[in-house]
Amino acid sequence: MADATNYPVTLTNCGTEISVASAPERTVSVGQSATEILYSLGLADRVNGTSVWFNPVLPQFAKANEEIDRIADNDPSFEAVVNKRPDLVAVQYEWHVGPTGSVATREQFHELGIHTYIMPADCDTKDNSTGGDGTRTAAFSTESIYKGITELAHIYDVQAAGEALVADLIDREERAIDLASSLDLPQDLSAVFWFSSTDLGVSPFVAGQLGAPGYMMDKLGIRNVIESDEEWPTVGWESIARANPDVIVIAAMDRRRFPADDIEAKREFLRSDPVTSEMSAVQNNRIVEMDAHAMSATMRSIYGLESLAEALSAMTFK
């Protein structure tokens with residue numbers, strides 16, 4: 001049995017030292033990843049506000065989630081978060097609550113006695129000072145996901161739940177890798193991950209080599225045709241077509257900031273554009289849909305690894 005937490009809990013989180021005197025009773029989450037991890041730790045009753053959603057909540061948490069106020073689908077205001085009187089704000093992306101936070105800085109929350117915890121997956125091996133979605137300084141590893149789960153479990157004194165969740169995710173990760181290893185895949189199998197575009201036809205946001213999609217491709221023996229270290233660089237379709245990836249993975253999401261957020265719009269563009277329609281992956285229907293949330297460095301990245309391995313098992317390559 002896991003030992004109980006001895007308070008105060010003091011740790012360094014994304015370069016900032018935090019010290020929590022007791023288990024938080026009221027939490028606001030800024031980011032779906034933080035929300036679903038809290039739910040997975042059995043802490044839904046301590047979450048009183050959520051924000052920044054890409055996909056529907058995991059089915060097992062649908063009922064609990066209905067009872068919790070969604071203060072914003074996208075970025076919440078500082079006032080909306082503070083009005084929930086949280087003890088702690090759990091954050092997925094540093095750009096929401098960081099040095100130039102779009103919601104607020106950590107200092108603004110701390111001045112009000114509100115703790116902040118940013119998921120390590122967004123700052124370990126990542127430089128968010130470069131603007132945009134940041135740049136990876138080393139490859140994303142699921143260890144940063146497990147670190148976030150373990151630290152939150154410690155902060156909330158639910159260590160046993162944290163250990164069980166990490167063990168389940170490790171098992172799922174290993175089984176997905178084993179499935180891909182059992183397939184007769186081409187030696188130089190390649191792919192590109194398309195998240196979205198500000199408009200259809202313009203250079204899309206595609207996955208760099210060191211983020212969560214890069215992790216999936218590396219684990220499954222796939223070459224990423226995009227060599228950038230940026231998290232989501234924009235690359236022209238002509239360049240992607242010249243690389244001619246064997247597989248295209250497209251993000252499915254509820255968010256509608258850009259026209260290409262719509263997965264059917266993505267599919268139609270790939271089929272109808274004179275450049276993309278000639279690509280091997282399009283002509284052979286090797287297009288994989290994946291939850292947008294899995295393409296970020298989150299717990300769902302392991303689910304994305306599973307879905308990609310399963311999709312590959314149903315494909316044929318000439």
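**Notes on the disulfide, the sheet and its helices**

1. A search of the whole structure turns up one disulfide. Keep in mind as you read on that this is a predicted model. The partners are Cys14 and Cys123, with their sulfur atoms 1.8 Å apart. Where do the two cysteines sit in the chain? Cys14 is in the loop between strand E1 (9-13) and strand E2 (16-20), while Cys123 is in the loop between strand E7 (115-118) and strand E8 (126-127). That puts them 109 residues apart, so the pair links distant parts of the chain.

2. A bit more on that bridge. Is it left-handed or right-handed? The torsion about the S-S bond of Cys14 and Cys123 comes out at about -65°, so the disulfide is left-handed. As for exposure, Cys14 is buried, and Cys123 is buried too.

3. Next, the sheet. It is an open one of five strands, paired in parallel, and reading across it you get E5-E4-E3-E6-E7. Strand E5 (70-72) and E7 are the edge strands, each pairing on one side only. From one strand to the next, the twist averages 20°. As background, strands of a sheet pair through backbone hydrogen bonds, in either a parallel or an antiparallel way.

4. If you want to look at one end of the sheet, try the pairing of E5 with strand E4 (residues 47-51): these two run in the parallel sense over two bridges. Ser51 is the residue standing opposite Ala72 in E5.

5. Two helices to check against the sheet. Helix H1 (residues 32-40) lies across strand E3 (27-30), E4 and strand E6 (88-91), and runs at about 150° to E4. Helix H5 (residues 142-155) also packs on the sheet, where it touches E6 and E7. The direction of H5 makes about 155° with that of E7.

6. Last, a helix pair. Helix H6 (residues 159-181) packs with helix H7 (residues 212-220), their axes 9 Å apart and at an angle of about 50°. Why call H6 oblique to H7? An angle of about 50° is neither under 35 degrees nor over 145, and it is outside 65 to 115, so it counts as oblique.

7. Which residues make that contact? From H6 come Glu173, Ala176, Ile177 and Ala180, and they meet Tyr215, Lys219 and Leu220 of H7. By type, the contact of H6 with H7 has five nonpolar residues, two charged ones and no polar ones.

Definitions and conventions: Residues numbered from 1 in each chain as written. Predicted model: local features only at pLDDT ≥ 70, side-chain atom pairs only at ≥ 80, totals over all residues. Heavy atoms only, no water. Disulfide = S-S within 2.5 Å. Helix = DSSP H or I, 4+ residues; strand = E, 2+ residues; numbered from the N terminus. Buried < 20%, exposed > 50% of the residue type's maximum accessible area, 1.4 Å probe, protein only. Pairing = 2+ DSSP bridges. Axes fitted to C-alpha atoms, helices over the stretch in contact; angles between N-to-C directions. Contact = heavy atoms within 4.5 Å. Nonpolar A, V, L, I, M, F, W, Y, C, P; charged D, E, K, R; others polar.
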